[in-house]
Amino acid sequence: MQVLQWLDLSGFGILGLLIGSFLNVVIYRLPLMLEAQWKAECAELAEKELPVTEKFNLSVPRSRCQKCSHQISWYENIPVLSYLYLRGKCSACSTPISIRYPLVEMTTGALFLYCAWKWGATPTALLWCFFSATLLALALIDWDTTLLPDDMTLPLLWSGLVAALLQWTTVPLSAAVWGAIAGYMSLWLIYWAFKLITGKEGMGFGDFKLFAALGVWFGWQALIPIILMASVIGAMVGIVMKFSSGLREGGYVPFGPFLAGAGFTVMFFGPSSILQFFGL
């Protein structure tokens, strides 16, 4: 491999680590921001005033320890290295820091490396880096909160359509549009059929939008491989959680992380390989 290629891969890997650090902020703060927004809207409708609170968004306040409120210094916020330097503990109160923080950073770095290796140092690689980072964040937010925010699913969908329109991906615009329609409508119909039969909601509307976004990025032809792989991954994880008593109250497991896992599988191997795996 040439020196320039190594530099390209290194640059994408470092960028992925930095973006992964930011994703940790998004994963934690975005659901809290949405909850605060919903409370404000409800209070406005009820003509009530909420108490004034500290400004809270993706940029302020500075990152801090959730137990002792110690503000994280810049040298304590270097992806992966700071975690190792601090030995996984807050420097002020020694409260353990979740291993997920460096894992998210390393996973994002690895995804960016893969995109650079497959597409080179090109705008297409950056486009798929955006796809990978957004999908990873959505999976973890849904796992934590059972939410798939419109703030992320809709930009993922629309950016895929724009990319198809400008021919930045190999998916024709018509296949992307039909992927969005078929992805959304298929899960929407399943949702209502399940609700009419059981009286319960089997999934959320965010799942429809995420599946539609995946249909945009990979084309309508990939929807069957994606839903098959998501179902298999979900069944395996559900069985493990059931026998390990890890299921939540009501036995509910969010479907978004499994759709995301299937999306990554298609990105790595292609839809045809998944169909071959299932003997189709």
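**Close-up 1. A nonpolar patch sits on the surface of this predicted model.** Eleven names to look for here: Val 162, Leu 165, Leu 166, Trp 168, Leu 173, Val 177, Trp 178, Ile 181, Met 185, Leu 189 and Trp 220 make up the patch. Put together, these residues have about 1,100 Å² of accessible area. Two helices, H5 (150-165) and H6 (173-198), each chip in at least two residues. Which helix gives the most to the patch? That would be H6, with six residues.

**Close-up 2. Leu 173 is one member of the nonpolar patch.** You'll find Leu 173 in helix H6. Is Leu 173 buried or exposed? Somewhere in between: its relative accessible area is 36%, so Leu 173 goes down as partly exposed.

**Close-up 3. Lys 39 and Glu 35 pair up in a salt bridge.** The whole structure holds four salt bridges, and this view shows the one where the closest N and O atoms of Lys 39 and Glu 35 are 3.5 Å apart. Both residues belong to helix H1 (residues 3-45). They are four residues apart, which is about one turn of the helix. Lys 39 has a relative accessibility of 48%, so it counts as partly exposed. Glu 35 is partly exposed too, at 37%.

**Close-up 4. Arg 100 reaches Asp 144 through a salt bridge.** Here the closest N and O atoms are 2.6 Å apart. Arg 100 lies in helix H3 (residues 100-119) while Asp 144 lies in helix H4 (residues 123-145), so the pair ties together parts that are 44 residues apart in sequence. How accessible are the two partners? Arg 100 is partly exposed, with a relative accessible area of 29%. Asp 144 is also partly exposed, with 37%.

**Close-up 5. Lys 209 and Asp 150 form another of the salt bridges.** Look for the closest N and O atoms of this pair, which are 2.8 Å apart. Lys 209 is in helix H7 (residues 205-218) and Asp 150 is in helix H5, so this salt bridge ties together parts that are 59 residues apart in sequence. Is Lys 209 buried or exposed? With a relative accessibility of 19%, Lys 209 counts as buried, because the cut-off for buried is under 20%. Its partner Asp 150 has 35%, so Asp 150 counts as partly exposed.

**Close-up 6. Helices H6 and H7 pack against each other.** You've met both already: H6 gives the most residues to the nonpolar patch, and H7 is home to Lys 209. At what angle do H6 and H7 pack? The angle is about 155°, and the axes are 7 Å apart. Angles over 145 degrees count as roughly antiparallel, and H6 and H7 are therefore roughly antiparallel to each other. If you'd like to check the handedness of the crossing, this one is right-handed.

**Close-up 7. Val 52 sits in a loop.** This loop runs between H1 and helix H2 (81-85). Is Val 52 buried or exposed? At 83% relative accessibility, Val 52 counts as exposed, because exposed means over 50%. Now look from Val 52 to Phe 258: the two are 206 residues apart along the chain, and their C-alpha atoms are separated by 39 Å.

Key
Residues numbered from 1 in each chain as written. Predicted model: local features only at pLDDT ≥ 70, side-chain atom pairs only at ≥ 80, totals over all residues. Heavy atoms only, no water. Patch = residues over 30% accessible without salt bridge, like charges linked within 9 Å, V, L, I, M, F, W, Y side chains within 5 Å. Areas by Shrake-Rupley, 256 points an atom, 1.4 Å probe, with all protein chains shown as cover. Salt bridge = Lys/Arg side-chain N within 4 Å of Asp/Glu carboxyl O. Buried < 20%, exposed > 50% of the residue type's maximum accessible area, 1.4 Å probe, protein only. Axes fitted to C-alpha atoms, helices over the stretch in contact; angles between N-to-C directions. Parallel < 35°, antiparallel > 145°, perpendicular 65-115°, else oblique. Left-handed = near helix turned anticlockwise from the far one by under 90°.
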